[in-house]
Amino acid sequence: MSENDEAPERVGPPLVADERTMLRGFLDFHRATLALKCAGLTDEQLRRAASPPSTLTLIGLVRHMAEVERAWFRRTIDREDVPLVWSARGDFQEAYDASSATRATAFAAWESEVAAARRIEEAAASLEVTAPHAKTGEPVSLRLVMLHLIHEYARHNGHADLLREAIDGTVGA
């Protein structure tokens with residue numbers, strides 16, 4: 001997506017559905033919300049820390065969510081032995097470094113991880129599929145992973161609301 005792209009389409013989650021469809025709908029809604037918050041901005045605007053003293057940026061949030069998608073879906077549920085997207089040392093904080101980040105690189109990584117997450121979720125037999133937690137080794141379910149991602153996106157989309165408003169005055173989702 002470039003600064004000239006139109007805002008991505010965002011479909012609301014279903015009002016009535018089975019649990020898995022509902023979780024998938026809310027997760028996709030929040031993914032689309034993050035993309036909407038970044039739509040139409042230049043790389044410079046996406047890198048702007050708009051709420052000093054915080055160094056948080058919109059592009060940093062996109063990079064962070066690429067890490068979160070990878071860590072929970074690929075590394076945990078699918079048990080892939082892959083490094084983090086932005087840090088070979090396993091430092092999740094490196095994703096927030098927006099100093100040289102570009103929309104093209106950040107969104108390519110994020111969209112790739114979202115696509116992988118969707119494939120993994122759709123291939124799972126049920127929400128009860130479990131895998132060992134990376135830090136504790138305790139089993140975590142796909143249900144927990146999907147709920148956690150919804151929580152992460154919702155929290156960071158609140159940050160994105162404030163960042164976007166400070167950048168160009170745009171409000172609302």
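User: How exposed is Arg10, and where does this residue lie?

Analyst: In this predicted model, Arg10 has a relative accessible area of 26%, and because values between 20% and 50% fall in the middle class, Arg10 counts as partly exposed. Arg10 is placed in the segment before H1, and its C-alpha atom is 7.0 Å from that of Thr33, although 23 residues separate the two along the chain.

User: Which residues does Pro13 touch?

Analyst: Pro13 also has its place in the segment before H1, and if residues up to four places away in sequence are not counted, Pro13 touches Gly25, Phe26 and Phe29. For a separation in the other sense, one can take Pro13 and Lys135, which are 122 residues apart in sequence and 32 Å apart in space, C-alpha to C-alpha.

User: How should I read the packing of two helices, and at what angle do H1 and H4 pack?

Analyst: Two packed helices are described by the angle between their axes together with the distance between those axes. For H1 and H4 the angle is about 175° and the axes are 13 Å apart, which means that H1 is roughly antiparallel to H4. On the H1 side the contact is made by Arg20, Arg24, Asp28, Arg31, Leu34, Ala35 and Cys38, and on the H4 side by Arg103, Phe107, Trp110, Val114, Ala117, Arg118, Glu121 and Glu122. Sorted by character, the residues of the contact of H1 with H4 comprise seven nonpolar, no polar and eight charged.

User: How do the axes of H3 and H5 cross, and how do the residues of their contact divide?

Analyst: The axes of H3 and H5 come within 10 Å and cross at roughly 175°, so these helices are roughly antiparallel to each other. The contact of H3 with H5 divides into 16 nonpolar, four polar and three charged residues.

User: Which residues touch the most other members of the largest nonpolar core, and which helices supply this core?

Analyst: The largest nonpolar core has 43 residues, and those that touch the most other members are Leu34, Leu58, Phe73, Trp110, Leu149 and Tyr153. At least two residues of this core come from each of helix H1 (19-38), helix H3 (58-77), helix H4 (103-123) and helix H5 (142-168), with the largest share, 10 residues, coming from H3. To take one of these members in detail, Leu149 touches Leu27, Met65, Val68, Glu69, Trp72 and Phe73, once residues up to four places away in sequence are set aside.

User: Is Val145 buried or exposed, and which residues is it in contact with?

Analyst: Val145 lies in helix H5 and is buried, with a relative accessible area of 0%. Leaving aside neighbours within four places in sequence, Val145 is in contact with Trp72, Phe73 and Ile77. The C-alpha atoms of Val145 and Ile77 are separated by 8.2 Å, while the residues themselves are 68 places apart along the chain.

User: How is an aromatic pair read, and how many are found in the whole structure?

Analyst: A pair of aromatic rings is described by the distance of the centres and the angle of the planes. A search of the whole structure finds one such pair, formed by Phe107 and Trp110, with 5.6 Å centre to centre and 90° between the planes, an edge-to-face arrangement. Both residues lie in helix H4, three residues apart, which is about one turn of the helix, and both Phe107 and Trp110 are buried.

User: Why does Arg74 count as buried, and what does Arg74 touch?

Analyst: Arg74 counts as buried because its relative accessibility is 15%, and the cut-off for buried is under 20%. This residue lies in helix H3 and, not counting residues up to four places away in sequence, touches Glu69, Arg79, Glu80, Val82, Glu113, Ala116 and Ile120.

User: What should I look for in the backbone, and which residues does a cis peptide bond join?

Analyst: Most residues other than glycine have a negative phi, and most peptide bonds are trans. In this model a cis peptide bond, with omega about 10°, joins Pro52 and Pro53, and Pro53 lies in the loop between helix H2 (43-46) and H3. Arg79, although not a glycine, has a positive phi of about 55°. Arg79 is placed in the loop between H3 and H4 and counts as exposed because its relative accessibility is 54%.

Conventions: Residues numbered from 1 in each chain as written. Predicted model: local features only at pLDDT ≥ 70, side-chain atom pairs only at ≥ 80, totals over all residues. Heavy atoms only, no water. Core = buried A, V, L, I, M, F, W, Y, C linked by side-chain atoms within 4.5 Å. Buried < 20%, exposed > 50% of the residue type's maximum accessible area, 1.4 Å probe, protein only. Helix = DSSP H or I, 4+ residues; strand = E, 2+ residues; numbered from the N terminus. Contact = heavy atoms within 4.5 Å. Axes fitted to C-alpha atoms, helices over the stretch in contact; angles between N-to-C directions. Parallel < 35°, antiparallel > 145°, perpendicular 65-115°, else oblique. Nonpolar A, V, L, I, M, F, W, Y, C, P; charged D, E, K, R; others polar. Phe/Tyr/Trp six-rings, centres within 6.5 Å; stacked < 30°, edge-to-face > 60°.
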